[in-house]
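Hi everyone, thanks for making time for this. I'd like to walk you through one structure today, so let me bring it up on the screen.

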Amino acid sequence: MKVTVVGGGVIGITTAWYLAERGHEVTVLERAASMADETSHANGGLLHASHAEPWNSPGVLWDLLRWIGRENSPLLLRPHALPGLMRWGLGFLRYSRRRHHEHSLRVNAALAVYSLERLRALRAETGLRYDDAQNGILKVFNDQATLDAAAEASRHMDEVGVRYRLLDPAATVELDPAYADAADQLAGAIYYPEDESGDACLFTQRLAELARERHGVHLVNNCTVEGWRTEGGRIVAARTAQGEMTGDAWVLATGSYTPQLARPLGLRVPIYPVKGYSVTIHAPDWAGAPRIPLIDDERKVVLSVLGGRVRMAGTAEFTGYDLSLRKARCDNVLNNVLATFPGLRDHIAPETREDWCGLRPMSMDGPPIVGETAVPNLYLNSGTGHLGWTFACGVSHLLAQRLSGETPGLDMAPLAPDRYR
Ligand SMILES: Cc1cc2nc3c(=O)[nH]c(=O)nc-3n(C[C@H](O)[C@H](O)[C@H](O)COP(=O)(O)OP(=O)(O)OC[C@H]3O[C@@H](n4cnc5c(N)ncnc54)[C@H](O)[C@@H]3O)c2cc1C
């Protein structure tokens with residue numbers, strides 16, 4: 001079958017890979033000059049089943065109200081975004097009820113475990129490297145109550161295969177001495193030994209090349225899909241500046257822009273762009289660099305070491321499709337990391353510091369939106385939110401199985417696009 005994938009981020013390229021591996025003739029249409037140019041470009045680098053909790057946790061409304069207008073808060077709602085946010089936002093709050101939230105947590109955790117298995121298999125099969133590391137992840141806590149709540153969530157996730165170990169401050173430093181400077185402030189930490197890290201952009205670009213070389217995937221850059229031509233309710237072609245592109249089946253892997261592309265086809269896809277920032281420091285000589293990546297749940301920042309680079313990421317801003325890069329928000333991310341690793345300060349050089357921002361394609365309830373739609377030959381693979389790098393191999397493998405008539409390796413019902421009806 002001729003399958004056309006729209007979007008060349010980590011989700012689109014993994015989709016193309018698994019489809020081509022199954023013998024389909026695959027084309028990827030990407031509007032940017034290179035693959036992984038948008039949200040997959042400089043994310044936190046963590047493959048974290050441990051972080052499967054959807055962001056609409058039961059207290060989220062209070063957090064949003066408490067932090068409104070506060071530039072240094074990890075979660076920021078900009079008033080100008082409110083009109084465009086109403087419908088999605090109400091759903092986001094509705095799904096924050098404990099019952100929904102626990103369901104979404106289990107769906108995400110099981111999917112993340114499956115995804116990491118697929119990634120390991122892909123790495124073993126291809127030998128692909130992407131500044132990756134398999135050292136687990138440490139979640140640190142300064143507050144006992146937050147640690148207790150995270151331990152409770154970890155117990156739920158353990159039931160679907162996310163392993164963890166509770167550590168006191170001394171055991172944390174014993175596991176990775178790089179955390180010694182923070183030991184005095186720590187209430188404790190949780191270690192997730194099976195989590196990983198790596199550069200999503202490098203992975204996507206290298207996998208795209210491999211897909212072209214090994215499976216003949218046709219990669220088309222500078223190609224924006226502007227609209228559709230349909231016949232009898234099916235998509236026949238996409239209209240682009242390079243002319244019409246055809247396909248028997250279509251996959252939208254267009255991240256935060258999926259709602260715009262689906263709407264002319266009569267589909268409403270509940271995805272909202274949640275903006276985040278990252279800072280990358282080139283620090284190949286940082287002797288005190290952690291071996292184990294960091295998630296600081298209270299300060300809402302993460303850190304990973306990608307080869308000789310240190311990547312820090314965080315903040316969630318509800319501000320529509322605004323991609324302006326605010327240095328103050330990047331400084332916040334950096335300062336929140338320096339609280340744990342003060343030694344990094346000596347390695348910050350303005351000429352090598354790279355600030356970045358991107359839009360997380362956040363679904364209304366938490367799990368991604370994957371599977372067939374009411375348009376018979378259109379499939380969605382989107383809505384991966386803060387977990388797109390973690391989920392990439394899993395969601396794409398499942399979708400490729402489904403499209404090829406195989407039984408998917410995991411129940412896809414909780415991911416189905418029509419689950420909101
Ligand atoms: C600050 C930050 C930190 C993050 N950290 C992590 C992390 O540590 N771990 C993790 O698992 N996840 C993380 N994420 C989330 C993860 O990066 C995303 O979920 C993931 O990159 C989404 O991938 P995607 O392929 O769906 O979207 P994208 O990478 O945005 O790809 C979509 C592609 O579609 C293309 N496109 C859109 N419209 C059209 C059109 N009309 N025609 C043609 N092409 C089009 C775009 O150009 C784009 O390349 C983070 C996100 C952010 C913002």
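Let's start with two helices: α4, residues 98–126, and α7, residues 200–215, whose axes come within 13 Å and cross at roughly 55°. Please keep in mind as we go that this is a predicted model.

How are α4 and α7 oriented to each other? An angle of roughly 55° is neither under 35 degrees nor in the range from 65 to 115, so it counts as oblique, and α4 and α7 are therefore oblique to each other. As for handedness, the crossing of α4 and α7 is left-handed.

Now to the side chains at that crossing. From α4 we have L119, L122, E125 and T126, and they meet F203, L207, L210 and R214 of α7. Sorted by class, the contact between α4 and α7 has 5 nonpolar residues, 1 polar and 2 charged.

Helix α4 has another partner to show you. Helix α1, residues 10–21, has an axis that comes within 13 Å of that of α4, and the two cross at roughly 65°. The crossing of α1 and α4 is left-handed. Which residues meet there? On the α1 side they are W17, Y18 and E21, and on the α4 side R118, L122, E125 and T126. By class, the contact of α1 with α4 has 3 nonpolar, 1 polar and 3 charged residues.

Let's stay on α1 for a moment, since T15 sits in that helix. Is T15 buried or exposed? Its relative accessibility is 0%, so T15 counts as buried. If we set aside its neighbours within four places in sequence, T15 is in contact with V5, V251, N381, S396 and L399.

That brings us to the sheet. It is an open sheet of 6 strands in the order β9-β2-β1-β13-β20-β19, and the pairing is mixed. At the edges are β9, residues 218–220, and β19, residues 369–372, each pairing on one side only. From one strand to the next, the twist averages 20°.

Inside the sheet, look at β1, residues 2–6, and β13, residues 249–252: they run parallel and are joined by 4 bridges. In that pair, V6 of β1 stands opposite L252 in β13.

Last, a helix on the sheet. Helix α10, residues 388–403, packs there and touches β1, β13, β19 and β20, and its direction makes about 170° with that of β20.

That's my tour, and I'm happy to go back to any part of it.

Technical notes:
Residues are numbered from 1 along each chain as its sequence is written. This is a predicted model: local features need pLDDT of at least 70, side-chain atom pairs count only at pLDDT 80 or more; totals for chains, interfaces and linings use all residues. Side-chain values use heavy atoms; hydrogens and water are left out. Two strands pair if DSSP finds at least two bridges between them. Axes are lines fitted to C-alpha atoms, for helices over the stretch in contact, and angles run from 0 to 180 degrees between N-to-C directions. Contact means heavy atoms within 4.5 Å. Angles under 35 degrees count as roughly parallel, over 145 as roughly antiparallel, 65 to 115 as roughly perpendicular and the rest as oblique. A crossing is left-handed if the near helix is turned anticlockwise from the far one by less than a right angle, and right-handed if clockwise. Ala, Val, Leu, Ile, Met, Phe, Trp, Tyr, Cys and Pro count as nonpolar, Asp, Glu, Lys and Arg as charged, and the others, Gly among them, as polar. Buried means under 20% relative accessible area, exposed over 50%, partly exposed in between (1.4 Å probe, protein chains only).
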